[in-house]
Amino acid sequence: MPIGLAIGVVPLCGGMVSGFMIPASAWFIALDLLLAYLPRAWLGVRIGGSGVTIP
C-alpha cells in the first residue's frame with residue numbers, strides 16, 4: 001500500500017506545482033488534477049495493494 005501511494009502522490013504533487021507555475025484557467029487546472037492525477041493515484045494504490053509485481 002505505501003508503494004502504491006508513493007506512485008500516485010509524487011505525480012500529483014508535481015501536477016499541483018505545475019498548475020501554479022504554468023498560467024492556465026482555474027477550471028483547466030481543476031480538471032487536470034481531478035481527471036489525470038487522482039485516478040493515477042487510485043490506480044497506484046490498487047496496484048500496490050494487490051500484490052501484483054510489475055517486471
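This tour moves from the whole chain to one helix and the aromatic residues it leads to.

**Whole chain.** Begin with everything displayed, bearing in mind that the model is predicted. In cartoon representation, the secondary structure of the protein amounts to two helices, with zero strands. Next, switch on the molecular surface. The protein exposes about 4,200 Å², and carbon and sulfur atoms supply 79% of that area. Of its 55 residues, 16% count as buried.

**Helix α2.** Select residues 26–50, which make up helix α2. Trp27 lies in this helix and is the residue on which to centre the view.

**Trp27 and its surroundings.** Is Trp27 buried or exposed? Trp27 is exposed, because its relative accessible area of 59% lies above the 50% cut-off. Add Phe28 as sticks: at 46% relative accessibility, Phe28 counts as partly exposed, since that class falls between 20% and 50%.

**The aromatic pair.** Keep both side chains in view. The structure holds one aromatic pair. Trp27 and Phe28 form this pair, with an edge-to-face arrangement in which the ring centres are 6.0 Å apart and the planes stand at 90°.

**The nonpolar patch.** Finally, extend the selection to Leu31, Leu34, Leu35 and Leu38, and return to the surface display. Together with Trp27 and Phe28, these leucines form a nonpolar patch on the surface. The accessible area of the patch comes to about 660 Å². Trp27 and Phe28 thus appear in two selections of this tour, as the edge-to-face pair and as members of the patch.

Notes:
Residues are numbered from 1 along each chain as its sequence is written. This is a predicted model: local features need pLDDT of at least 70, side-chain atom pairs count only at pLDDT 80 or more; totals for chains, interfaces and linings use all residues. Side-chain values use heavy atoms; hydrogens and water are left out. Rings of Phe, Tyr and Trp (its six-membered ring) pair if their centres lie within 6.5 Å; planes under 30 degrees apart count as stacked, over 60 as edge-to-face and the rest as tilted. Buried means under 20% relative accessible area, exposed over 50%, partly exposed in between (1.4 Å probe, protein chains only). Helices (H or I, at least four residues) and strands (E, at least two) are DSSP runs, numbered from the N terminus. Accessible areas come from the Shrake-Rupley method with a 1.4 Å probe; for residues, only the protein chains shown count as cover. Patches are made of residues with over 30% relative accessible area and no salt bridge: like charges are joined within 9 Å, nonpolar side chains (Val, Leu, Ile, Met, Phe, Trp, Tyr) within 5 Å. A salt bridge is a side-chain nitrogen of Lys or Arg within 4 Å of a carboxyl oxygen of Asp or Glu.
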